[in-house]
Amino acid sequence: MRGWQCLALAGLLAAQSVVCVAQSPPSDAEIRAARPSLGYEPAKRCADLTTTTDQAAVVVFRVGDTGSPSQPTIKSSSGSEKLDAAAKACVLRLHFFPVLRAGDGVAVASWQQMSFGWKTPEPQAAAVSHCDPAATPAAAANAPDTSVSPPLPRQGKVGVCVCVDEAGKLAHAPIVLQSAGDSGLDKAAIEIAATGRYQPSTQNGKAVSDCFPLTVKFDVR
């Protein structure tokens with residue numbers, strides 16, 4: 001984090017140059033916990049944000065002797081550019097209690113910080129936890145085959161849909177969701193899935209029948 005003060009100097013022939021002097025970033029000991037002024041609570045001024053310490057954007061900013069904020073900078077990123085930008089923008093919409101100098105109580109400029117998070121967390125892509133065997137086209141690899149299979153390739157991965165009842169027993173034969181591109185591996189994956197032992201899904205504390213995806217990986221050595 002680095003603040004900059006830039007002075008534009010008019011040169012000869014109407015040319016303009018910019019001189020920037022770096023300000024040393026404040027140490028942790030110089031940073032105070034921010035206190036928004038009455039009527040400037042983040043809940044009122046930044047409706048989509050909340051002050052939090054969990055997965056938050058931590059913003060450090062300068063508070064002048066009048067309580068006006070400036071120079072908001074991300075001290076600790078939330079990992080979301082959108083949240084970091086919203087947190088800095090929120091700071092500039094607020095007003096804060098300035099720090100009072102010890103002895104005479106005169107308001108002085110100071111560095112302060114606040115943490116912000118989304119009031120409603122951003123939706124995350126849900127992991128696939130169910131599969132629909134009815135939506136999977138029938139394939140030759142799904143049918144039992146007692147013929148001699150060709151030699152298996154050394155590596156492969158097969159996606160299988162497994163359906164079990166309330167007791168955890170197979171409701172019907174597993175179905176290939178994603179083929180390995182080799183019928184031998186597909187059939188071997190079905191056999192492995194059919195011999196597995198499964199824990200039934202629960203709903204409201206009761207076991208229910210359900211279908212879920214299963215990945216069978218092969219690494220023949």
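Which pattern do the disulfides of the protein follow, with bonded cysteines counted along the chain? I opened my notebook with that, and I found 1-2, 3-4, 5-6.

**Ground rules.** I am working with a predicted model, where local features need pLDDT of at least 70 and side-chain atom pairs count only at pLDDT 80 or more, while totals for chains, interfaces and linings use all residues. Residues are numbered from 1 along each chain as its sequence is written, and side-chain values use heavy atoms, with hydrogens and water left out.

**Entry 1: disulfides.** I took a disulfide to be a pair of cysteine sulfur atoms within 2.5 Å. My search by that rule gave 3 disulfides.

I began with Cys46 and Cys90, whose sulfurs are 2.0 Å apart. The angle about this S-S bond is 100°, and the link is right-handed. Cys46 sits in the loop between α1 (42-45) and β4, and Cys90 in helix α2, so this disulfide ties together parts that are 44 residues apart in sequence. For helices and strands I used DSSP runs numbered from the N terminus (helices: H or I, at least four residues; strands: E, at least two). I noted both Cys46 and Cys90 as buried. My scale for that is relative accessible area: buried is under 20%, exposed is over 50%, and partly exposed is in between (1.4 Å probe, protein chains only).

Next I looked up Cys131 and Cys161, joined with an S to S distance of 2.2 Å. The torsion about their S-S bond is about 85°, so I wrote down right-handed here too. Cys131 is in the loop between β9 and β10 (155-164) and Cys161 in strand β10, so the pair ties together parts 30 residues apart in sequence. Cys131 and Cys161 are both buried.

Then came Cys163 and Cys211, with S to S at 1.9 Å. Their link is right-handed, with 110° about the S-S bond. It connects distant parts of the chain, from Cys163 in strand β10 to Cys211 in strand β14 (residues 210-219), 48 residues apart. I found Cys163 and Cys211 buried as well.

**Entry 2: strand β9.** Is strand β9 (residues 110-118) largely enclosed or open? I counted 7 of its 9 residues as buried, so the strand is largely enclosed by the rest of the structure.

I then checked its partners, calling two strands paired if DSSP finds at least two bridges between them. β3 runs parallel to β9 over 3 bridges, and there Arg32 is partnered with Gln112. Strand β4 (residues 49-51) pairs with β9 in the antiparallel sense over 3 bridges, with Leu49 opposite Trp118. Strand β5 (residues 57-63) is also antiparallel to β9, over 7 bridges, and Val63 has Ser110 as its bridge partner.

I stayed with Ser110 for a moment. Ser110 is buried, at 8% relative accessibility. The side chains of Ser110 and Gln112 share a polar contact of 3.2 Å. By polar contact I mean a pair of N or O atoms within 3.5 Å; within protein, one must be able to donate a hydrogen and the other to accept it, and residues adjacent in sequence count only if both atoms are side-chain atoms. Not counting residues up to four places away in sequence, Ser110 touches Phe61, Arg62, Val63 and Val99, where contact means heavy atoms within 4.5 Å.

**Entry 3: salt bridges.** I looked for a side-chain nitrogen of Lys or Arg within 4 Å of a carboxyl oxygen of Asp or Glu, which is what salt bridge means here. The whole structure holds 3 salt bridges.

Lys75 bridges to Asp28, with the closest N and O atoms 3.2 Å apart. This pair links distant parts of the chain: Lys75 is in strand β6 (residues 69-76), and Asp28 is in the loop between β2 (16-23) and β3 (31-33), 47 residues apart. I read Lys75 as partly exposed at 40%, while Asp28 is exposed at 58%.

Glu41 and Lys44 form another salt bridge, at 3.8 Å between the closest N and O atoms. Glu41 is partly exposed at 28%, and Lys44 is exposed at 62%.

My last lookup was Asp104 with Arg101, where the closest N and O atoms are 2.7 Å apart. Asp104 is partly exposed at 45%, and Arg101 is partly exposed at 44%.
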